[in-house]
Amino acid sequence: MSNTASPRSEIPLLSARDLTKRFGGLAAVNQVSVDLWLGQIHAVIGPNGAGKSTLTNLLSGDLPATSGTVVLRGQDISGWPPEKISSHGLGRSYQKTNIFRSFSVWENVRLAAQSRSQPSAFNPLQWWRSAFNMHEVNERAERAMELAGLHKRRHHVAGEASHGEQRQLEIAMTLATEPSVLLLDEPLAGMGSAEAESMVQLLLRLKKDHAIMLVEHDMDAIFTLSDRLTVMVNGQVIASGWPAEVRADKGVQAAYLGDELSEAH
Amino acid sequence: MDIVNFLIQLLNSMQYGLLLFMLAAGLTLIFGIMGVVNLAHGSFYMLGAYLAWSLASLTGSFALAILVGTILSVLFGLLLEWLLFRHFYQRDHLDQVLLTFGLIYVFEEMRSILWGDDVHGVAIPDLLSASIPLTDTLSYPVYRLFMSAVCLVLALGLYLLISKTKLGMKIRAGAFNHEMTQALGVNIKLIHAVVFALGVGLATVAGMVAAPVSSVYPNMGSQVLIMCFVVVVIGGIGSVKGALVAALLVGLVDTFGKVLLPQVAGMLVYVLMAAVLLFKPEGLFKH
Amino acid sequence: MSAPQSHLETLPRSLNVLLALCFLALLLFPFVGTDFYVQMVSRMMILAIFAMSLDLLQGVTGLVSLGHAAYFGVAGYALAFLTPAGEPISLYTSLPLAVAASALLALMIGFLVVRTHGIYFIMVTMAFAQMVFYLFFDNKALGGSDGIYINFKPDAKLFNLENKHVFYYFTIACLLAVYIFLRRLLWSPFGRALAGIRVNEHRMRALGFDTFAHKLCAFTLAGALAGLAGYLWGAQTGYINPELMGFHMSAHAIMMVILGGMGHFAGAIIGAFSFEYVLHVFKDLPEVAGFNLGKHWQLWMGLFIVALVVFAPRGILGLLAKIFKSNEDAP
């Protein structure tokens, strides 16, 4: 049951062309192009080591690309540092939970939300006012908490929360920066079926107002969620298009999915 | 500056640079492989110098002093690693800074108790006490050439060890990926002990060999430590090649600086470091 | 407000009460102490300001600087150069100028140094501080190894700093002002961002924070506050020499912060007092069986430091917080 929505605008919010990342002689990502449209979820799948996480890192600025370009909301962001890309409207979540473990759940999200109301560090007003009375920031954080379903556990220390809660927190932090483009790296990893179902529902809600790239292994979720599907193997794209098309592609079936795909509904 | 003076300064800068390399190589290896910052590294240099002096006085032979001194200090290094350092590889850099700073104090006092606080000279062995005449009035001491030669030989030996031997391969693997190396059956604890002992050994031999030229005095360790750090920063942590290039560079800048621009000579090396940091914050040769 | 319980940022209420009482004792001390001890406590308070400035860098932001004393010393030298040979200089011109000098130096060095991480950062901060040290040590024009005398305490017009008690209270005022400033900063957006950088700098960047600017600003602020301490030190002792900028002074600052407990600033104050006291005790050790224990105070100091690292990583305040917390419900 694929849900192929049409994009809500003419040009993609994020467009990457011929991205390549070499480590010595090895190309972890080789001439990969991907477009992310507002109102669509673009899933990227592939076996371990296919280069999916590296691709995400290239798009978010965590890794500099060897060659290729990335355009975000009409702006060429190739070579930009991660903080600049983030402030331009891109948010990413991590496969390996990357939170502030010693802070409370609420503080994690609040700090993420604070990033949007942060004038220069050298501004003395920033040293004197209380961080916790920032109305705008608190509202932003509340919205993110609400979306991620976290409001019950806000005072717990993040490092001591359950794995599922930490994954929710991971998403909440990304949402608190109010990005237009979301890069989600295995958000369902390690979740039980009930939690995974909530996450899928959340992603369907988010789809309307965001352009989302989803890296995942969970095939059921992929086919419920994705409007476009790209398959990567050994750093290269071997197929990209409508999920139904890709599923039927002989090359993809041979190289990667085989029985899994034809059995998924 | 005429050609002879230039040659003399060039030789001096090479000698100083190679000496710094001996110290920096050990430091950068220990940083790069075990991730430990060791502020007491300069103390090993001082230990070497004092050992050279006391053993040479005791036995009357400089060569014997170096031999025995090297063995003693390597054993001391192994003991220190086993007793203290190996428990700190996983700890915060801050803890390591504090621990090794405390050790500096302890070593200085032990030195004071064992050997006193006076300045001592070490006689250059007769065999090496000649000078090579360069002009009517200028000549170059053979001993300084000997120092450079010793450092070169050890540098070559280190290079061969690291890049051509099995042990070297294991050392490099351990630096690259700890857990994997261990999983492959390599005794990582042994590697660490060897690397630490190597670092200590290089530092003490440097001190021993330098003693006749620099004299033996308290605080000689801290003075050389800072230069050592500068070399490692410029060269890049974990890179022995970087340490060599940086050490020679520092030797050149410092030696010629003192001769050509004495007013700012002390600062030149730091200006060099600042320049490198602006363009390559992780040093010339990233590990 | 849910306060993040990390790194000693908040303390149990009973401990806060104890700290307030200690402050009261500090205020009343000159009425019971002799001149000698009033001066000693003044000096401890100056070192406490120095320690707090480092705590901003180390305890809050997580940057371990082995060269913080450079900014301490530079302000002292600024006062020395500004004070004419025959008369005092105004407090109101010399203090801001000295602090500005330290801040400027911190900004310049910070710009080069803050782009490095981990071990590198530690090494380059030390290297640059040594550079400043040698600049003063090697140049007779800057006083050389002998240092410079400051013949008059700064002229405060409204009160007389030459009076030891007046100087004491002026120092307390500075200590209090710095403490309040830093505590507010800790809970400000800037302070929360610094704490975030300490805990997970990578994520902070991914969230859109300009971590370079934040770290540089913290480095500069810390340098400025160290300058305030250095200025007071110069004013109090009347003598500045390069050792005050040296490696040992920087290391002492680190030890004070660790000993007291990082991240709360009260810990830095406790650490400064305790460290000076311990040093005092070791230097005063008697001779036992012909062996002068006091002369070899460095040995005891070294062993003390090693023991500290091994057994009490969260310092005195950490220990006290644990004790007081177990006597109270969790906040």
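Begin by selecting chain C together with chain B in this predicted model, where the two chains bury about 3800 Å² between them, with 82% of that area on carbon and sulfur atoms. If you then display the residues that touch across this boundary, 41 residues of chain C are in contact with 40 residues of chain B. Within that set, pick out Ile119(C), Tyr120(C) and Met123(C), which supply 18% of the area that chain C buries against chain B, more than any other three residues.

Keep the same pair of chains on screen and turn to the polar side of the interface. The salt-bridge rule finds zero such pairs across the interface of chain C and chain B, while four residue pairs, both members at pLDDT 80 or more, are in polar contact between these chains. Next, colour chain C by helix: α4 (91-113), α5 (118-137), α9 (247-260) and α11 (297-311) of chain C each supply at least two residues of the side that touches chain B. Of these elements, α5(C) deserves a selection of its own, since the largest share of that side, 13 residues, comes from α5(C). Coloured by class, the side of chain C that touches chain B shows 29 nonpolar, ten polar and two charged residues.

Now hide chain B and bring up chain A beside chain C. Here 34 residues of chain C are in contact with 39 residues of chain A, and the area buried between chain C and chain A is about 3200 Å², of which carbon and sulfur atoms give 65%. Across this interface the rule finds two salt bridges; to see one of the pairs that meet in this way, select Glu170(A) and Arg203(C), whose side chains form a salt bridge at 2.9 Å, N to O. The interface of chain C and chain A also holds 20 residue pairs in polar contact, with both residues at pLDDT 80 or more.

Which elements of chain C give two or more residues to the side that touches chain A? Selecting α6 (164-186), α7 (189-206) and α8 (211-237) of chain C will display them, and the largest share of that side, 13 residues, comes from α7(C). By class, the side of chain C that touches chain A is made up of 19 nonpolar, ten polar and five charged residues.

From Glu170(A), move along chain A to Thr174(A), which is found in helix α6 (residues 163-176) of chain A. Is Thr174(A) buried or exposed? With a relative accessibility of 2%, Thr174(A) counts as buried, because the cut-off for that class is under 20%. A polar atom of the Thr174(A) side chain lies 3.0 Å from the backbone oxygen of Glu170(A). Show the surroundings of Thr174(A) as sticks, and, leaving aside neighbours within four places in sequence, its contacts are Gly91(A), Arg92(A), Ser93(A), Pro179(A), Leu182(A) and Arg203(C). Arg203(C) in that list is also the partner of Glu170(A) in the salt bridge already visited.

Finish the tour on the strands of chain A, where four strands form an open sheet in the order β2-β1-β4-β5, with antiparallel pairing. The edge strands to select are β2 (26-36) and β5 (75-76) of chain A, each of which pairs on one side only. Then isolate β1 (residues 14-23) and β4 (residues 67-72) of chain A, which run antiparallel and are joined by five bridges. Within this pair of strands, centre the view on Thr20(A), which stands opposite Ser67(A) in β4(A).

Technical notes. Residues are numbered from 1 along each chain as its sequence is written. Chains are lettered from A and ligands numbered from 1 in the order in which they are written. This is a predicted model: local features need pLDDT of at least 70, side-chain atom pairs count only at pLDDT 80 or more; totals for chains, interfaces and linings use all residues. Side-chain values use heavy atoms; hydrogens and water are left out. Contact means heavy atoms within 4.5 Å. Buried area is the accessible area (1.4 Å probe) that two parts lose on being put together, summed over both. A salt bridge is a side-chain nitrogen of Lys or Arg within 4 Å of a carboxyl oxygen of Asp or Glu. A polar contact is a pair of N or O atoms within 3.5 Å; within protein, one must be able to donate a hydrogen and the other to accept it, and residues adjacent in sequence count only if both atoms are side-chain atoms. Ala, Val, Leu, Ile, Met, Phe, Trp, Tyr, Cys and Pro count as nonpolar, Asp, Glu, Lys and Arg as charged, and the others, Gly among them, as polar. Buried means under 20% relative accessible area, exposed over 50%, partly exposed in between (1.4 Å probe, protein chains only). Two strands pair if DSSP finds at least two bridges between them.
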